[in-house]
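Here is a friendly walk through one protein chain, taken a few residues at a time. Please keep the sequence and the 3D view open as you read.

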Amino acid sequence: MTESGKPILYSYFRSSCSWRVRIASRGARSCPLTLLSLTALALKSLDYETVPINLIKDGGQQFSEEFQALNPMQQVPALKIDGITIGQSLAIIEYLEETRPTPRLLPQDPKRRAQVRMISDVIASGIQPLQNLSVLKQVGQENQLTWAQKVIHSGFNALEQILRSTAGKYCVGDEVSVADLCLVPQVANAERFKVDLTPYPTISRINKTLLALEAFQVSHPCRQPDTPPELRA
């Protein structure tokens with residue numbers, strides 16, 4: 001927590017895992033050295049401050065001794081809140097859901113709740129980790145685009161089929177859920193890696209609908225304190 005009592009989110013503008021958490025919260029913009037207090041409304045209306053962690057600069061700031069002491073996995077996001085530090089985006093979101101339950105991001109119905117968690121895990125465990133920065137470094141520069149496209153296509157083939165049976169306006173029915181917080185950043189990853197989304201009309205429709213919501217707009221990578229000037233919108 002800061003001296004102001006606000007939670008601190010350690011984040012990287014392009015990190016899809018960080019974006020999931022930003023959608024769930026209301027954040028204060030910051031710069032690397034000074035925390036500012038320009039707030040933007042998002043789903044949980046949680047007022048927090050951001051400390052950017054650049055995953056590329058200086059060989060990756062997540063590998064610093066200071067950040068490793070904060071999060072031994074050396075990954076973003078990490079959230080300091082209520083006297084504890086939480087890593088892993090879904091764990092953070094679940095904690096926010098349990099301690100700040102309005103608006104609800106997990107359905108009350110157990111079957112729908114299971115569907116939300118299933119979709120979230122398909123993305124957070126079955127797609128995103130296979131095309132993140134640490135894996136891409138291992139496959140080599142010349143293979144990165146092909147590899148990312150392959151794993152995203154494989155995951156989206158399954159996800160499209162699942163969403164055909166669960167979706168309403170959003171991933172599961174007509175209320176925004178944790179599944180939606182996972183979907184939009186992953187579609188952004190797909191677009192960054194030039195994946196053809198034509199075979200995925202359900203994914204594309206839901207993504208377009210969600211991007212019209214303020215919480216998804218203010219948390220977008222192009223509007224973060226550490227977004228490079230050439231990528232700002």
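## Leu-181 and its partners

Start by finding Leu-181 in this predicted model. Which residues is Leu-181 in contact with, leaving aside its neighbours within four places in sequence? The list runs from Arg-20, Ile-23 and Ala-24 through Leu-43, Ile-93 and Leu-105 to Val-176 and Phe-216.

Leu-181 also belongs to the largest nonpolar core, which has 50 residues. Together with Ile-119, Phe-156 and Leu-183, Leu-181 touches the most other members of that core. Eight helices and strands can be looked up here, since H1, strand S5 (78–81), H3, H4, helix H6 (144–166), H7, helix H8 (201–211) and helix H9 (214–218) each supply at least two core residues. Which element gives the most to this core? That is H7, with 8 residues. Apart from this core lies another one, of 10 residues, and its members include Tyr-10, Tyr-12, Phe-13 and Leu-70.

## Trp-19 and His-220

Next, turn to helix H1, where Trp-19 has its place. Is Trp-19 buried or exposed? Trp-19 is buried, because its relative accessible area is 2%, and buried means under 20%. Not counting residues up to four places away in sequence, Trp-19 touches Val-184, Pro-185, Ala-188, Phe-216, Ser-219, His-220 and Pro-221. For a sense of distance, the C-alpha atoms of Trp-19 and Ile-203 are 18 Å apart in space, while the two residues are 184 residues apart in sequence.

One of the partners of Trp-19 is His-220, which is found in the segment after H9. His-220 counts as partly exposed, with 26% relative accessibility. Its own contacts, again not counting residues up to four places away in sequence, are Trp-19 and Arg-22. His-220 and Ile-23 are 197 residues apart along the chain, and 8.2 Å separates their C-alpha atoms.

## The largest pocket

Now for some empty space. Rolling a probe the size of a water molecule over the atoms shows where such space is left. The largest pocket holds about 810 Å³. Its lining is made up of 33 residues, and those nearest its centre are Leu-55, Gln-128, Asn-132, Leu-133 and Ser-134. Helix H1 (16–24), helix H3 (89–99), helix H4 (110–126), helix H5 (133–139) and helix H7 (178–192) are the elements that give two or more residues to this lining.

Which element provides the largest share of that lining? H5 does, with 4 residues. Sorted by class, the lining has 14 nonpolar residues, 14 polar ones and 5 charged ones.

## The second largest pocket

The second largest pocket has a volume of about 240 Å³. There are 11 residues in its lining, with Tyr-10, Val-51, Ile-53, Glu-66 and Phe-67 nearest the centre. Strand S4 (47–52) and helix H2 (65–70) are the elements giving two or more residues to it. The largest share, 3 residues, comes from H2.

How many residues of each class line this second largest pocket? There are 7 nonpolar, 2 polar and 2 charged residues. Tyr-10, one of the residues nearest the centre of this pocket, is also among the members of the 10-residue core.

## Backbone details in the loops

Some loops deserve a closer look. In the loop between H2 and S5 you will find Pro-77, and the peptide bond leading to it from Val-76 is cis, with omega near 5°. Gln-74 is found in the loop between H2 and S5 as well. Its phi is near 55°, a positive value in a residue other than glycine, and Gln-74 counts as partly exposed at 22% relative accessibility.

Another cis peptide bond runs from Thr-102 to Pro-103, with omega near -5°; Pro-103 sits in the loop between H3 and H4. Ser-45, in the loop between strand S3 (35–40) and S4, has a positive phi of about 50° although it is not a glycine. Ser-45 is partly exposed, with a relative accessible area of 41%.

## Confidence in the model

How far does the predictor's confidence reach? The mean pLDDT of the chain is 89, and 91% of its residues reach 70 or more. Over residues 27–41, however, the pLDDT is below 50. Beyond near neighbours in sequence, that stretch has 42 contacts in the model.

Note on methods
Residues numbered from 1 in each chain as written. Predicted model: local features only at pLDDT ≥ 70, side-chain atom pairs only at ≥ 80, totals over all residues. Heavy atoms only, no water. 1 Å grid on protein atoms, 1.4 Å probe; cavity = no way out; pocket = protein on both sides within 12 Å on 5 of 7 lines; lining within 4 Å. Points joined across faces, edges and corners; volume = space filled by probe spheres on them. Nonpolar A, V, L, I, M, F, W, Y, C, P; charged D, E, K, R; others polar. pLDDT = per-residue confidence, 0-100. Contact = heavy atoms within 4.5 Å. Core = buried A, V, L, I, M, F, W, Y, C linked by side-chain atoms within 4.5 Å. Buried < 20%, exposed > 50% of the residue type's maximum accessible area, 1.4 Å probe, protein only.
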